[in-house]
Amino acid sequence: MEGYFWRITEARSGIVLVALCGVSLGEAGPWTAVALGASIDGFLRQAVAPSAWASPTGLGVSAGKELEADEGQLRVELGADAHLEVRFADTSPWPPRAFGGLGPAQSIPGLGQYWHPHLLGARVEGHAVLGERTVELDGATAYGEKNWGASFPSRWWWGEAQGFEDPGLCVAFAGGVIERGPIGLPATSVVVHLGRDETLRLVPPLAVTDAHASDGTWRVRARSPRHRVELEGDANGTDPHLLPVPIPAERRVVNTAHQHLAGRMRVEVRSGRRVRLRAESTLAGLEVGPAPERR
């Protein structure tokens, strides 16, 4: 499975949109799960497209008439009342450095899932149709990530936030239980984009990380020789969306990703003894998921 995920945060109206596309390979050929959700009215539309294409060299994906995306634009069409069409300008891509969001673990073969936040900020131009509502998105901010692998972990936790007082700040984390035979080890990666010139990546084995996610709360701690990051999140009184998770071999999806689209995240960053940053967003995405059931 090769998955793409975008979040668009419209801080002025307090609306968050998410779009996802999971391209899967099966015996009957490639297929795609597509979804569009928003933090208003519990909005969620999803579909399975019988065809799919993903770029072998860059960031590009298409799924029939339902979705088309590359580094500069995203279009989702799931009916007359579920449409998104945006362009990305003034982008903050992942900085040029060795490895991606998982750090050195990115080079380990055979992991069930790999994760990379390739877009750490962008100015959005465009609009969305969400049920009976049309939302203008000019000036909103965007985040994008990619994940790939053969299967989802038995349990995972994830979060991302923009919508801070500093519009250039972006925080993301992803973790799960890594299963190697009978052994299951939890691991978490933390990324803090402080602006165009600085992106912190705290990942094992270069940093010590610890995460807990249960009962609508998330706590993540990450410590490297130079930096320390503490994240605290909660549902902020919102109900979760149940987003689709593909089961590649079975050509179907199960809605087992519990994501709060407008939760609360508090972040603190220290460099040595100095507090670099304290900030809070009430438009954070916070997710926890169990493994899809098998049949």
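Let me begin with a term: rings of Phe, Tyr and Trp, the last taken by its six-membered ring, pair if their centres lie within 6.5 Å, and planes under 30 degrees apart count as stacked, over 60 as edge-to-face and the rest as tilted. With that in mind, a search of the whole structure finds four aromatic pairs.

Before I go on, please note that this is a predicted model, in which local features need pLDDT of at least 70 and side-chain atom pairs count only at pLDDT 80 or more, while totals for chains, interfaces and linings use all residues. Residues are numbered from 1 along each chain as its sequence is written, and side-chain values use heavy atoms, with hydrogens and water left out.

One of the four pairs joins Phe 5 and Trp 158, which meet edge-to-face at 5.4 Å centre to centre, with 85° between the planes. Phe 5 belongs to strand 1 (residues 2-10) and Trp 158 to strand 14 (residues 155-161), so this pair ties together parts that are 153 residues apart in sequence; strands here are DSSP runs of E, at least two residues long, numbered from the N terminus. Phe 5 is buried at 8% relative accessible area, and Trp 158 is buried at 6%, where buried means under 20%, exposed over 50% and partly exposed in between, with a 1.4 Å probe and protein chains only.

Another pair, Phe 152 with Trp 156, is tilted, at 5.4 Å centre to centre and 45° between the planes. In this pair Phe 152 is partly exposed at 21%, whereas Trp 156 is buried at 7%.

Now to the pockets. A pocket is an open set of points on a 1 Å grid over the protein atoms alone, where a 1.4 Å probe fits, with protein on both sides within 12 Å along at least five of seven lines, and its lining residues have an atom within 4 Å of a point. The largest one has a volume of about 980 Å³, a volume being the space filled by probe spheres set on the points, which are joined across faces, edges and corners.

Which residues lie nearest its centre? Of the 44 that line the largest pocket, they are Gln 113, Tyr 114, Trp 115, Pro 153 and Gly 175. Strand 15 (residues 170-180) gives the largest share of this lining, seven residues.

The second largest pocket has a volume of about 280 Å³, and among its 13 lining residues Arg 201, Leu 202, Ser 224, Arg 226 and His 227 are closest to the centre. Here the largest share, five residues, comes from strand 17 (residues 198-202).

Notes:
Helix = DSSP H or I, 4+ residues; strand = E, 2+ residues; numbered from the N terminus.
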